[in-house]
There are 2 protein chains.
Amino acid sequence: MEADMLMESTTRSRPAMAPSQVTPPASLHSLFARQPVENFVSGQILFFEGDEAKSIFEVVEGTLRIVRILPDGRRVITGFLHAGDLLGISFKSHYIYTAEAINNVTIRRLSRRAFETELANSDEIRPAVFHQMSDEMAAAQDQMVLLSTKNAEERLCSFLLKELQREMRAGGLAPIVKLPMTRLDIADYLGLTIETVSRTMTKLANKGVLTPSGRHAVEILRRGMLAQLAGDGDECEIEWRMTNTSREEFRRH
Amino acid sequence: MEADMLMESTTRSRPAMAPSQVTPPASLHSLFARQPVENFVSGQILFFEGDEAKSIFEVVEGTLRIVRILPDGRRVITGFLHAGDLLGISFKSHYIYTAEAINNVTIRRLSRRAFETELANSDEIRPAVFHQMSDEMAAAQDQMVLLSTKNAEERLCSFLLKELQREMRAGGLAPIVKLPMTRLDIADYLGLTIETVSRTMTKLANKGVLTPSGRHAVEILRRGMLAQLAGDGDECEIEWRMTNTSREEFRRH
DNA sequence: CGCCGTATTGAAGTCTTTCAACGGACGTGG
DNA sequence: CCACGTCCGTTGAAAGACTTCAATACGGCG
């Protein structure tokens with residue numbers, strides 16, 4: 001808060017982060033509507049990686065983290081889930097990741113049997129599921145791009161921007177991003193350390209991009225600059241497509 | 001439930017690096033069997049990111065790269081495709097990546113319309129497609145883990161090991177990994193630079209793990225060591241799963 | 001045989017991590 | 001209500017890993 005940093009930022013432009021998970025289509029949501037809600041307290045685990053995949057879930061309220069632990073103890077978070085997101089839609093016999101509640105979470109659960117029955121019978125559900133999976137795949141690719149090429153500042157900005165967009169979509173009024181997860185969670189999600197996340201956050205605050213609002217929220221002051229720093233700008237895309245094309249034309253013979 | 005879990009770990013360890021794409025189930029393969037083959041020369045592009053997604057493909061022969069270009073020119077390769085792999089299975093209206101032939105490639109193509117018709121009608125195809133998508137998702141998650149946490153040596157070893165496993169599955173006899181892609185491709189896939197890939201390769205050769213076999217292949221001399229270095233070892237998994245469990249038990253109340 | 005693109009190697013630089021200490025918030029208990 | 005302890009987050013300094021820049025070597029193809 002008081003420390004001022006003299007480091008200048010190297011700002012470059014980068015490409016697009018697609019929205020990670022969209023609200024499940026009405027048709028999918030309806031599957032869960034009649035299921036009873038279940039509650040999980042902060043830190044509680046819905047299922048472990050390796051558990052038999054018996055259920056799929058709809059998050060009603062709260063935030064979850066999707067975790068994978070490596071043999072040597074390193075932890076990776078491959079995603080966060082919020083109200084409206086779906087969890088566990090896969091056709092593998094066992095879960096390939098652990099799902100933990102970050103805060104108090106309410107979910108509805110559907111047995112996989114019931115789900116697959118619906119899937120077989122309903123011509124409405126099926127495309128919705130395909131689309132859901134396609135969206136998840138696109139999000140995964142975006143995350144790969146982030147982890148492959150982006151530096152700490154770009155990663156954090158991308159993350160904050162995505163969260164902001166989600167909150168706005170969900171009807172948020174003020175440009176405030178809630179961060180129920182710890183810095184460690186964010187670090188493990190962005191492939192950084194807790195210290196780097198902290199330092200980068202401070203740097204962004206000093207630049208006037210955001211201001212901390214308590215410990216688990218930030219207010220975005222300059223959304224445009226945030227987007228710039230996220231490197232998701234798309235103004236160059238056409239040129240790149242063109243050069244790419246011509247190079248190909250050239251090669252093609 | 002915990003006992004269950006431990007059992008699971010002891011008997012069969014999770015594939016830390018899941019095989020990216022398995023050979024398509026016979027049912028999916030059969031969709032393409034009657035399509036004519038098409039050829040693409042090295043460097044030629046099947047489709048661009050952003051193109052309307054009109055077709056899905058089965059790779060008959062050769063190797064492709066899945067590419068995303070960022071606005072500032074940085075390039076990310078999110079995957080390689082080999083004979084037997086499927087390409088373009090998604091339910092988005094436009095492709096979200098570019099597909100380029102690395103060497104001379106033969107494919108069979110199916111119009112998306114035909115594909116979706118089959119999907120709607122065949123009770124055999126549908127689950128195969130779901131499984132295919134789930135496999136791709138698992139591969140994407142593994143790649144995220146790689147990019148999040150692994151260092152250069154672990155990344156390269158993971159990559160080589162996966163390629164080796166694929167070649168062995170495909171009936172390869174000698175422990176030789178063919179690398180039709182350039183070092184730049186590998187670098188862009190692993191989130192490294194060409195120089196780091198080169199140096200790491202040299203280091204592995206010096207350790208006696210592998211030996212170069214021409215410029216576009218390596219012979220694996222010590223597969224066990226390669227697996228060790230890949231960081232996908234699973235000998236500690238049980239312990240970690242246990243600590244994970246007990247921590248949860250502790251938290252759970 | 002010689003050229004050009006690709007790969008390797010070296011040295012310097014940069015960014016992130018690691019190690020270490022401090023500070024602040026929250027919850028518990030006095 | 002305040003004190004205190006603990007956990008989480010912040011900050012600093014040093015070390016490390018990878019990148020960048022630059023030069024050289026290799027190998028396929030004309």
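**Exercise 1.** In this predicted model, determine which residue of S11(B) stands opposite B:Val177.

*Solution.* Step 1: Identify the two strands. S9(B) is joined to strand S11 (residues 217–220) of chain B by three bridges, and the two run antiparallel.
Step 2: Read across from B:Val177. The residue opposite B:Val177 in S11(B) is B:Val218.

**Exercise 2.** Establish the strand order of the sheet in chain B and state which strands stand at the edges.

*Solution.* Step 1: The open sheet of chain B consists of three strands in the order S9-S11-S10, with antiparallel pairing.
Step 2: Strand S9 (176–178) and strand S10 (210–212) of chain B each have a single partner strand, so they stand at the edges and one side of each is left without a neighbour in the sheet.
Step 3: From one strand to the next, the twist averages 25°.
Step 4: Helix H5 (residues 152–169) of chain B lies across S9, S10 and S11 of chain B, and runs at about 100° to S9(B).

**Exercise 3.** Describe the protein surface near DNA strand C by residue class, by polar contacts and by contributing elements.

*Solution.* Step 1: DNA strand C is surrounded by 16 residues. By class, two are nonpolar, seven polar and seven charged.
Step 2: Consider the phosphate oxygens. One lies 2.6 Å from a backbone N or O atom of A:Ala152, and one is 2.8 Å from a side-chain N or O atom of B:Ser198.
Step 3: Consider the bases. A polar side-chain atom of B:Arg199 lies 2.8 Å from a base nitrogen of DNA strand C.
Step 4: The elements that give two or more residues to this surface are helix H6 (194–206) of chain A and helix H7 (194–206) of chain B. H7(B) gives the most, with four residues.

Key:
Residues numbered from 1 in each chain as written. Chains lettered and ligands numbered in written order. Predicted model: local features only at pLDDT ≥ 70, side-chain atom pairs only at ≥ 80, totals over all residues. Heavy atoms only, no water. Near = heavy atom within 4 Å. Polar contact = N/O pair within 3.5 Å; in protein donor to acceptor, adjacent residues only side chain to side chain. Nonpolar A, V, L, I, M, F, W, Y, C, P; charged D, E, K, R; others polar. Pairing = 2+ DSSP bridges. Axes fitted to C-alpha atoms, helices over the stretch in contact; angles between N-to-C directions. Contact = heavy atoms within 4.5 Å.
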